[in-house]
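Visitor: Could we go through this structure together?
Guide: Certainly; please put it on the screen.
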Amino acid sequence: MDPDRIRPSFPAPSFRGNQREALDAIRDAFAAGNDAVLVRAPTGSGKSLLARAVAGAARTPEEAEPAQATGAYYTTPQVSQLDDVAEDDLLSDLNVIRGKSNYTCILPDETTTPVDRAPCAREAGYDCSIRHRCPYYADRAIASNRAIAAMTLAYFMQTAGSEVFGTRDVVVIDEAHGLAEWAEMYATVDLRPRTVPVWDDVGVPDVTAADDPLDRTARFAETLAGVCERAATDLASDELTPAEAARRDRLQDLRSELGWFVSDYRDPTSTTTWVVDQPDGEGTPITIKPLDPGRYLHHTVWDRGNKFALLSATILDKDAFCRGVGLDPSSVALVDVPHTFPLERRPLYDVTQGKMTYEHRDETIPDVARLLVRLMAKHADEKGLVHCHSYAIQERLVDRLDDFGVSARIRAHDRENRDRALEEWKATDDPDVFLSVKMEEALDLRGDLARWQVCCKAPYLNTSDSRVARRLEEGQWGWYYRVALRTVIQAAGRIVRAPDDHGATYLADSSLLDLFDRARSDMPAWFADAVDRMGRPDLPAFDPDAALDGTAATPGTGTTTSRDSGTRSTRRSGSGGASGSDDETPDHPLSDVWGE
């Protein structure tokens, strides 16, 4: 890597905000010999452009000795962010590759078949006559042979050990704040009928009743891996149906997951702490989770590059972050990029109605629903976003708002239609309010896409999750508060995306104020400034008719209202939507992003 090439590699014709100073600080950090540089850059800093500049400093083939790594990887956890990269003319030399399931086979009679279920995946020794034109293999060939390959973090991790995507000189990870959680999720082994094709062929023991639950789980994992191997061997025919190919692939993946767990658990040098959940006993699902995924990250991330740039607005504590992902803090530098958005354009408002913890929610939700009506009246002609935190809260708010007669302005989503519902809401010019779940990150609502938003609940992790419970038993309360604060800061950045943009963030849960006190030392200065200036706004009185003033809707219309811009996506009790999840129900904080 040549740090002096970082600033010349910046792809935009000019710098804005603190970009020049940020690039110089990143250059100096790498020049000082650091293996990794954490770049804490707030919303609107142009992190993708900074990332491109760092990637441009990678060693070139002309500069390299035969055994030296060249080129760069750019990764991001969100598919939507990868789509943004692909559409950005300034980032046209980031060659994007996605997983096989995102491409469609072009063979006759297979044009609706994903590449991962195409004849080349189903039939042993299949020789595709048009593989050179296959969209997946074409993109893979281009990305593997160009200077900068761009991919999701999921694809990057899955290609660890690949001959196609080996070690490169520089790895850039955008939105890196959740790296430890993503690694935990990837390394988690979820055993249930939906994920284990041979579930009915094995006797699932009550592992938590054993004297040593983890050891009993490891022995069961070895048995299950053997059953999977035999079942996969039975599918080793020359030609498989798409369903058989899917079953074979899942069996192979499951063997790999089980093998990783058993190997790591039995390795006396491993620092990983494993926990196991089986709340319903014999014959029921088992979840095996790692607490310290550093070793997993070494295999899937840290062994893939020489130098690393990790960018995020919410890497709140450098040493804690490094410990969580398996990096040595002494070889890691932190570059802090100041915020350039005027504080008056990104205000926080205290509109707290009480606590939204489970035991107080029945009292508080009606008041939050009435608050939303008042905010709808204040922002009668502006679109708004409500961060509901869980589907249970979302559903109850939808019901209350329907009772108030304002549902004509309300949109929501479930697990299955979240992307479609979001895009329909973004596309409308009507001042609709979108009740969202797990959309605090990777959502760009610049300009009139949203002018106001509400945080309904302090986003603490679920304390019934065994990983969370174990850490709290060990006294890791600082980590617990940092994760929640990180989510709030991410949420606050959804609606103000440029220095001339503006939007208001309203805080409805009084527990958020307590969180700010507890995590004050971990706040970036620019967010602490917004907290310090926070006050209570003047709001209109509760008036459902006023909440509909900016629309063509008639007060009292129901949830089935539709407009030219799209059909309402509200979730009603008994409507057949996805089951609600709440704090008392285990649910990974990224489950809506990555899948269950």
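Visitor: Which residues touch the most other members in the largest nonpolar core?
Guide: L179, W302 and L310 do, in a core of 39 residues. Such a core is a set of buried Ala, Val, Leu, Ile, Met, Phe, Trp, Tyr and Cys residues joined through side-chain atoms within 4.5 Å, where buried means under 20% relative accessible area with a 1.4 Å probe, protein chains only. Helix α7 (residues 179-187) gives the largest share, six residues.
Visitor: What kind of model is this?
Guide: This is a predicted model, in which local features need pLDDT of at least 70, side-chain atom pairs count only at pLDDT 80 or more, and totals for chains, interfaces and linings use all residues. Residues are numbered from 1 along each chain as its sequence is written, and side-chain values use heavy atoms, without hydrogens and water.
Visitor: What does L310 touch?
Guide: Among its contacts (heavy atoms within 4.5 Å) are V37, L38, I173 and F321, leaving aside residues up to four places away in sequence.
Visitor: Now the sheet: what is the strand order?
Guide: The open sheet has seven strands, ordered β3-β4-β2-β5-β9-β1-β10, with parallel pairing; strands (E, at least two residues) and helices (H or I, at least four) are DSSP runs numbered from the N terminus, and a pair needs at least two DSSP bridges. β3 (95-96) and β10 (332-336) each have a single partner strand, so one side of each lacks a neighbour in the sheet.
Visitor: How many bridges join β1 to β10?
Guide: Five bridges join them, and L38 has L334 as its bridge partner in β10.

Conventions. Buried means under 20% relative accessible area, exposed over 50%, partly exposed in between (1.4 Å probe, protein chains only).
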